[in-house]
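Got your viewer open? Here is a short tour, one selection at a time.

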Amino acid sequence: MGLCDRSHRGQDHRRYVLKADASRQWRLLDLQALDTRLDQIAHRKATLPELAELRGLAPQTSVLDDDLVRARTALGDVQREITKADSDVQLVRDRSARDQTRMDAGQGTAKDLQALQHEVAALARRQTVLEDIELEVMERAESLAADVARLEAARAELAVRVGELEALRDKAFAELDAEVEQIGHSRADIVAGVGDELVRLYEKIRASSGGIGAAVLRQRRCEGCRLELNQVDINRLTAAAPDEVLRCEECRRILIRTSESGI
Ligand SMILES: [Zn+2]
C-alpha cells in the first residue's frame, strides 16, 4: 500500500514538476514569513482582549440603559403626582382663605358664620391629609431621584471604561493595519520575484495546509510537518536539480533546500 501510494505520488510529482531558481524558492520563504505575520495580525485583531471586554460590557450597558429609562419614567410620574398634590393643597388653602375673609368681614347671619367656621375646620383637616399625601409622594420622588442619580453615575462610569477600551482597540487596530499596509508593499515585490506559477502553487497549498505553503528542509526535517524524511526521500531530494521545486512527501508542502538542509 505504502509503496503503491508512493509510486503514484511519484508519478504525480513528475507530471507536475515545476522549475524555479533556488533564489526564487528562497524568496518564497520570505513570502511565507510575511503571510504568517499577516495571519498573526488577523488573529490578533480578532482576539484583542479589549474586544472581549467590550463584548462583556455590552449587556451591562443595555441593562443599565433599560433601568435608567424605567427609573426616569417612574420619577416623572411621581413628579406629576407632586404637582397634582400641590395643586390640591393650594385649592384647599384658597378656599379656606376666602372663608376666613368672609368671616372677618362679619357679614351674614350667625348661622352663616357658624357654617363658615365648620367649613374652615373641615378644610384644615383636609389640608393636613393632603399635605401628608404630598409629603409621602415627595419622599418617593426623593428615593427615585437617588435611584436615577446612582444609575446615571454607574452608566457614566461604564461609558468611561467603554471609551478607554475603544481607544485602546482603535490604537491597536491602527498599528496592526499600518503593519498590514507595509507588509502589502513588501509582499507585492516578493510575489513579483517568486513568479506567478510558483506563487499559485504556494497559495493553493497554503489554503489547504493551515497557512503554511512552503517550508524549509532543516536537518532532514520538514519544518512544515516537523517530520524527518526517510532515506529514500532524502536520496531523491539529493538527486534533484537545484531548480526543481520539491514537495514534502508527508505534508505535500513546498520543501525549500538551504545550506542547513543536511543533504
Ligand atoms: Zn512536510
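We'll go from a helix to some strands and then on to the salt bridges.

Before you click, note that this is a predicted model, where local features need pLDDT of at least 70, side-chain atom pairs count only at pLDDT 80 or more, and totals for chains, interfaces and linings use all residues. Residues are numbered from 1 along each chain as its sequence is written, and side-chain values use heavy atoms, with hydrogens and water left out.

**Stop 1: helix H6**

Select residues 231-239, which make up helix H6. Helices here are DSSP runs of H or I with at least four residues, strands are runs of E with at least two, and both are numbered from the N terminus. Which residues of H6 are buried? Show Asp233, Ile234 and Leu237: those are buried. They sit on the same side of H6, because they cover an arc of only 100° around the axis, going by the directions from the helix axis to the C-beta atoms. Some background: an α-helix has 3.6 residues a turn, so residues three or four places apart point the same way.

Now turn to the other side of H6, where Val232 and Ala239 are exposed. (Buried means under 20% relative accessible area, exposed over 50%, and partly exposed in between, with a 1.4 Å probe and protein chains only.)

Next, zoom in on the start of H6. A side-chain oxygen of asparagine 230 comes within 3.1 Å of the backbone nitrogen of valine 232.

**Stop 2: strands around S4**

Pick residues 254-257, strand S4. Ile254 and Ile256 point one way, Leu255 and Arg257 point the other way, and all are buried. That fits a general pattern: in a regular strand the side chains alternate between the two faces of the sheet.

Add residues 214-218, strand S1. S1 and S4 run parallel and are joined by four bridges; strands count as paired if DSSP finds at least two bridges between them. To see a bridge, select valine 216 and its partner in S4, isoleucine 256.

Then add strand S3, residues 246-247. S3 runs antiparallel to S4, with two bridges between them. Here arginine 247 has isoleucine 254 of S4 as its bridge partner. S3 and S4 form a hairpin with six residues between them, and in the turn you'll find arginine 252 with a positive phi of about 65°.

**Stop 3: salt bridges**

How many salt bridges are there? The count comes to 27, taking a salt bridge as a side-chain nitrogen of Lys or Arg within 4 Å of a carboxyl oxygen of Asp or Glu.

Start with aspartate 243 and lysine 19, whose closest N and O atoms are 3.7 Å apart. This pair links distant parts of the chain, 224 residues apart: aspartate 243 is in the loop between H6 and S3, and lysine 19 is in the loop between helix H1 (2-15) and helix H2 (22-46). Aspartate 243 is partly exposed at 27% relative accessibility, and lysine 19 is partly exposed at 48%.

Jump to arginine 93 and glutamate 131, with closest N and O atoms 3.1 Å apart. Arginine 93 is in helix H3 (residues 49-105) and glutamate 131 in helix H4 (residues 110-194), so this salt bridge ties together parts that are 38 residues apart in sequence.

Go back to H6 for arginine 236, which meets glutamate 249 in a salt bridge (2.7 Å, N to O). Glutamate 249 lies in the loop between S3 and S4. Arginine 236 is partly exposed at 27%, whereas glutamate 249 is buried at 4%.

For the last selection, take Asp35, Asp39, Arg187, Glu203 and Arg206: salt bridges that share partners join them into one network.

Methods
A polar contact is a pair of N or O atoms within 3.5 Å; within protein, one must be able to donate a hydrogen and the other to accept it, and residues adjacent in sequence count only if both atoms are side-chain atoms.
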